[in-house]
Amino acid sequence: SLLYAVDYLDSEIEVKQLLSGKKLNGLYLRTQSAYSLTFNKDGSLINQNGEQGRWWVSQQGQYCRKWETGRLKGHQTCLELAREKHKIAI
């Protein structure tokens, strides 16, 4: 098995600073399809398909989102973020 340094982020302030006003370009590992998420400073979230939602960070430092439009409308989840060198894993 491969071992590499994974630094789980658990600071609410650190995660907010990391995401706020940023655009994350990612790859769904299961399907190998590209996606993007834009984390606006006002807490709004938009993906590559124009679907919109809200994002926030829990007191435990988890990134949370709830979709308001699109195929995942009403779906809410909170995820731990990990830093792997210069990349973020969700």
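User: Which strands does helix α1 (residues 12-19) lie across, and at what angle does the helix run to β5?

Analyst: Helix α1 lies across β2, β3 (33-39), β5 and β6, where contact means heavy atoms within 4.5 Å. The helix runs at about 145 degrees to β5; such angles go from 0 to 180 degrees between N-to-C directions, with axes fitted to C-alpha atoms, for helices over the stretch in contact. Helices (H or I, at least four residues) and strands (E, at least two) are DSSP runs numbered from the N terminus. α1 also lies across β1, β8 and β9, at about 70 degrees to β8.

User: What do these values rest on?

Analyst: The model is predicted: local features need pLDDT of at least 70 and side-chain atom pairs count only at pLDDT 80 or more, while totals for chains, interfaces and linings use all residues. Residues are numbered from 1 along each chain as its sequence is written, and side-chain values use heavy atoms, leaving out hydrogens and water.

User: How do you know that β5 and β6 pair?

Analyst: Two strands pair if DSSP finds at least two bridges between them. Strand β5 (residues 52-57) and strand β6 (residues 63-67) have five bridges, in the antiparallel sense, so they meet that rule. Within this pair, Arg 54 stands opposite Lys 66 in β6.

User: What makes β2 and β7 edge strands?

Analyst: The open sheet of six strands has the order β2-β3-β4-β5-β6-β7, with antiparallel pairing. β2 (22-28) and β7 (76-79) each have a single partner strand, so one side of each is left without a neighbour in the sheet. Neighbouring strands here are turned by 25 degrees against each other on average, direction ignored.

User: What is the order of strands in the open sheet of three, and which strands stand at its edges?

Analyst: The order is β1-β8-β9, again with antiparallel pairing. β1 (7-9) and β9 (87-89) stand at the edges with a single partner each, so each has one side without a neighbour in the sheet. The twist averages 35 degrees from one strand to the next. β1 and strand β8 (residues 81-84) pair over three bridges, and Leu 9 has Leu 81 in β8 as its bridge partner.

User: Why is Ser 58 called buried or exposed?

Analyst: Buried means under 20% relative accessible area, exposed over 50%, and partly exposed in between (1.4 Å probe, protein chains only). Ser 58 has 12%, so Ser 58 is buried. The residue is found in the loop between β5 and β6 and touches Glu 12 and Cys 64, not counting residues up to four places away in sequence.

User: Which residues have the most contacts inside the largest nonpolar core?

Analyst: Leu 19, Leu 37, Phe 39, Leu 45, Trp 55 and Tyr 63 do, in a core of 13 residues. α1, β3, β5 and β6 each supply at least two residues of this core, and β3 gives the most, with three. A nonpolar core is a set of buried Ala, Val, Leu, Ile, Met, Phe, Trp, Tyr and Cys residues joined through side-chain atoms within 4.5 Å. Leaving aside neighbours within four places in sequence, Trp 55 is in contact with residues including Lys 16, Leu 19, Phe 39 and Tyr 63.

User: Why is the contact of Glu 12 with Lys 16 called a salt bridge?

Analyst: The rule asks for a side-chain nitrogen of Lys or Arg within 4 Å of a carboxyl oxygen of Asp or Glu. The closest N and O atoms of Glu 12 and Lys 16 are 3.3 Å apart, so the pair qualifies. Being four residues apart in helix α1, the two are separated by about one helical turn. Glu 12 is partly exposed at 26%, as is Lys 16 at 38%.

User: How many salt bridges are there, and what does the one of Glu 51 and Arg 71 tie together?

Analyst: The count comes to two. The side chains of Glu 51 and Arg 71 meet at 2.8 Å, N to O. Glu 51 lies in the loop between β4 (44-47) and β5 and Arg 71 in the loop between β6 and β7, so the pair ties together parts that are 20 residues apart in sequence. Glu 51 is buried at 12%, whereas Arg 71 is exposed at 55%.

User: How do you know that Cys 64 and Cys 78 form a disulfide?

Analyst: Their sulfur atoms are 2.1 Å apart, and the cut-off for a disulfide is a pair of cysteine sulfur atoms within 2.5 Å. The torsion about the S-S bond is about 110 degrees, so the disulfide is right-handed. The pair links distant parts of the chain, Cys 64 in strand β6 and Cys 78 in strand β7, 14 residues apart. Cys 64 is buried at 0%; Cys 78 is partly exposed at 32%.
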